[in-house]
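The following exercises are to be worked with the sequence and the model at hand. Each task is followed by a solution in steps.

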Protein chains: 2
Amino acid sequence: MTDFAQIDTYLEANLNQSLEELRRLVAQPSVAAQNLGLQACAELVAEMLHKRGFSVQILPTGGAPVVFAERKGRSDKTLLFYNHYDVQPAEPLELWESPPFQPEIRDGKMYGRGISDDKSHITSRLFAIDALLAEDGELPCNVKFVIEGEEEISSVHLPQFVHSHKELLAADACVWEFGSVDHRDVPMQYLGLRGICYVELSVETASIDVHSGIGGSIFPNAAWRLVWALNSLKGPDERIRIPGYYDDVLPPSERDKALMAALPEVSEEYRTRYGVQQFLHGLDGGVELRIAEAFQPTCTICGLTSGYQGKGSKTVLPARASAKVDFRLVPNQTPEKVLKALRAHLDAQGFADVRVDYLGGEAPARTDPDDPFVELVVRTAQPVYGVPMQIVPMIGGSGPNHVFTETLGIPIVTAGVGYPGSQAHAPNENLRIDLYLKGARHIARILSAFAEAS
Amino acid sequence: MTDFAQIDTYLEANLNQSLEELRRLVAQPSVAAQNLGLQACAELVAEMLHKRGFSVQILPTGGAPVVFAERKGRSDKTLLFYNHYDVQPAEPLELWESPPFQPEIRDGKMYGRGISDDKSHITSRLFAIDALLAEDGELPCNVKFVIEGEEEISSVHLPQFVHSHKELLAADACVWEFGSVDHRDVPMQYLGLRGICYVELSVETASIDVHSGIGGSIFPNAAWRLVWALNSLKGPDERIRIPGYYDDVLPPSERDKALMAALPEVSEEYRTRYGVQQFLHGLDGGVELRIAEAFQPTCTICGLTSGYQGKGSKTVLPARASAKVDFRLVPNQTPEKVLKALRAHLDAQGFADVRVDYLGGEAPARTDPDDPFVELVVRTAQPVYGVPMQIVPMIGGSGPNHVFTETLGIPIVTAGVGYPGSQAHAPNENLRIDLYLKGARHIARILSAFAEAS
């Protein structure tokens, strides 16, 4: 039996050293969308794993490389950690209180782009492994890491990679890249992710921008074409107008609804955190808001760009316009089907001139809330957090969990160091250092209990 | 009688010197939309006028100053030149073949931001004055210049300025800031300008951008609100949906239609120059296309901005979105009425959350094609261009001509150095040097004939 008092003492004594390692990792920019620093970051992660006695490979994918690492343990069971070393773009830079790639500690939090999503998750797992090795000299079970560099751009090359490395990645269960407490500081067990289909719509109506006094009445305007094409996708009633879009949607089960009903209210927190005055669909809060957040498919404009965007006025008719759009998908929708339906819809609506570029996608996927590994992870959280971990059957975010559930056929759990104020994907992304320590304590317990489970 | 052979000899001999003066003027950035270099440019223009013996004043307006200059002549008649020293923004900078504020001569053309619109017009008038002074030692008539610095941002302060300087500006006729040959090199007499109402529409739905996995189903999205609000203004049928928008529209008269019918075909030129594949309203060319260009009111999106606009994908739900929109107005529409109708329409359509900022506007205005001053200007063009000047009763662009027609009650003509390839408001704006010389020759003849006219 592992002595968790010893483990916890080790973690407390070595916290600053682990944070120093995290600082080094965040200071290495690795923005997948901008192809910035990815190889260097992969090498840094590989070095960190190698230092712990893992055998490490940096494997090509066609895009950013995957870092794969493996170390044998006492038990013959294998736990797989999926993480990613890439981060979201840091823009808009002017809203950061400290530079995004120069991590800084203020008031018990550490700030930097990618610190929560996903770099502190990587180092907190390594920190737990350090503690187990210090205590026992070996790991309780086999441990594998697969750390990709394209999660923030929809894991473009991961499905093919997992398919062609099925043997290498074989495991009995998987711990996902994120995990967090909610606004009450209760640890949450997230068991399903929506899928995503991310596209760029673009229109070109002329070879150059035109003086609006000349073209205004008689030339097609790329910005107007884009507006009308977007309007054909979704109206103010929020109903997505692409024929067949809702056909494959599987509504939440009674078990899902019961689990969702047990979760705490989020409406006040959302109002405060995001400055949102009211929610869509006339929702005011309650289980209906939580179910809508996770179990409804979406069509979100993520960005618009056309013509003059500077100060004041410029009388110009834009030759080009484009929009970034993401569709969040629920079981059993697929990005392939949505992409095809989108193209057909635009053509049918008279928008054959609107080009669709597929920037990436993932299918939705879930793990059974009654899987024994889920029970183990929930149970081992209790001594760390002092409260029971609560099960969330589905959340609104996306990730390549479907690749692992489909290809490796294993349950996936979440256990991590995030919290609702992490500002993931936004300026001033941060990590609560107290949760970093708890996350490492929980991972050490999971590894130990997993080795002993029948 | 002025000896025009002498005048033309002078102009040919001193062309390079005048171009050098133009180079200096273009090298001084003066972007009204960005409040860049305006005072310095006003001072430079004032210096150029002072050198010619004009009494010059730099007068405050509440915005960029107006340069006013006056010099007495032999006749007691007074000709007023209206020009502007401000220019459009130079962006997108990467499309310029030479830096926009470092004028460069290539293949008989001189390139730079504002060189055609409107700086070469200023110096070509000064060049004509130099020639008349060299020939006669005095000017044939009184000459006044009013040169403003906000034409490219809808002449925000000019109406008030003209109203309160009515005596100072009093004149018998006015030569407008632009003028050009068409694609056949035939000089054109433009007698009417559409009005404009330029607004920025903006929406804010949250205090910060939100991860689209969280907000996608349940948070309002600023970009979607903007798209729907814009869509409510105009549909793919190009009909503007603001109630009452077309009520005040005065259709072209039979005389207007006859003048428009006499003009050359423009469709092929537009296709080639702007890379436009087809025109709106099913138009293919002919007088219908020309009438639509000038006599129809518009609603043009000049720019769109929201959320992530960088490379690749970012899964973000934008907190803010905005659009620049211009409405081109025809007699008897007014910007005030359109602005009011726009706000009422957005409110009625459920878009009270869409803010409207008025960035400037002008009323439409016209000069009678049968005015004797128009006849004089048309007649004096013939010896310079070798072909008769052709009358265009109305064009699609806008300007503050209404201020002068309404307040000073004088006819306004165009005589200038532009051509269809000037790239005004676009990258690689340029001046044809042969037309610069012709423009100066024409202005010298106008001044001389005007002094002698009864």
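**Exercise 1.** Which residues does Ser55(A) touch, not counting residues up to four places away in sequence?

*Solution.* The model is predicted: local features need pLDDT of at least 70, side-chain atom pairs count only at pLDDT 80 or more, and totals for chains, interfaces and linings use all residues. Residues are numbered from 1 along each chain as its sequence is written, while chains are lettered from A and ligands numbered from 1 in the order in which they are written.

Step 1. Apply the contact criterion, by which two residues are in contact if their C-beta atoms, placed from the backbone, lie within 7 Å. Beyond the excluded sequence neighbours, Ser55(A) touches Ala69(A) and Glu70(A).

Step 2. Locate the residue. Ser55(A) belongs to strand S1 (residues 55–59) of chain A; helices (H or I, at least four residues) and strands (E, at least two) are DSSP runs, numbered from the N terminus.

Step 3. Assess burial. A residue is buried if 20 or more other C-beta atoms, placed from the backbone, lie within 10 Å of its own, exposed if 12 or fewer, and partly exposed in between. Ser55(A) counts as exposed because it has 11 C-beta neighbours inside 10 Å.

Step 4. Compare sequence and space. Ser55(A) and Phe145(A) are separated by 90 residues in sequence and, C-alpha to C-alpha, by 10 Å in space.

**Exercise 2.** Determine the domains of chain A and describe how they meet.

*Solution.* Step 1. Domain 1 comprises 4–191 + 367–452, and domain 2 comprises 194–249 + 297–362; such bounds come from an automatic or database domain assignment.

Step 2. The C-alpha centres of domain 1 and domain 2 of chain A are 35 Å apart.

Step 3. Ten residues of domain 1 of chain A contact nine residues of domain 2 of chain A. On the domain 1 side, strand S18 (residues 395–398) of chain A gives the largest share, three residues.

Step 4. That side of domain 1 of chain A divides into three nonpolar, seven polar and no charged residues. Here Ala, Val, Leu, Ile, Met, Phe, Trp, Tyr, Cys and Pro count as nonpolar, Asp, Glu, Lys and Arg as charged, and the others, Gly among them, as polar.

**Exercise 3.** What rotation superposes chain B on chain A, and how many residues does each chain bring to the contact?

*Solution.* Step 1. Superpose the copies by least squares on the C-alpha atoms of residues with pLDDT of at least 70 in both. A rotation of 180° with 0.0 Å of shift along its axis places chain B on chain A (RMSD 0.0 Å). This is the relation of a two-fold axis. In chain B, the C-alpha nearest the axis belongs to Thr305(B), at 2.5 Å.

Step 2. The contact takes 77 residues from chain B and 77 residues from chain A. S12(B) gives the largest share of the chain B side, eight residues. The chain B side divides into 35 nonpolar, 32 polar and ten charged residues.

Step 3. Since 100% of the interface residues of chain B are also interface residues in chain A, the copies meet through the same surface.

**Exercise 4.** Is helix H8 (residues 222–233) of chain A mostly covered or mostly open, and what covers its buried residues?

*Solution.* Step 1. H8(A) has twelve residues and reaches 17 Å from its first C-alpha to its last, close to the 16 Å expected; the expected span is 1.5 Å times one less than the number of residues.

Step 2. Eleven of the twelve residues of H8(A) are buried, and the helix is thus mostly covered. Among the buried residues are Trp224(A), Arg225(A) and Trp228(A).

Step 3. The cover from chain A includes strand S10 (192–204), strand S12 (300–307), strand S14 (320–329) and helix H12 (335–348). Chain B contributes helix H8 (222–233) and strand S12 (300–307).

**Exercise 5.** Where is the cis peptide bond that involves Pro92(A), and where does Asp185(A) lie?

*Solution.* Step 1. Most residues other than glycine have a negative phi, and most peptide bonds are trans.

Step 2. Glu91(A) and Pro92(A) are joined by a cis peptide bond, with omega about 0°. Pro92(A) is in the loop between strand S3 (78–84) and strand S4 (104–106) of chain A.

Step 3. Asp185(A), although not a glycine, has a positive phi of about 70°. Asp185(A) is in the loop between strand S8 (180–181) and strand S9 (187–190) of chain A, and with 16 C-beta neighbours inside 10 Å it counts as partly exposed.
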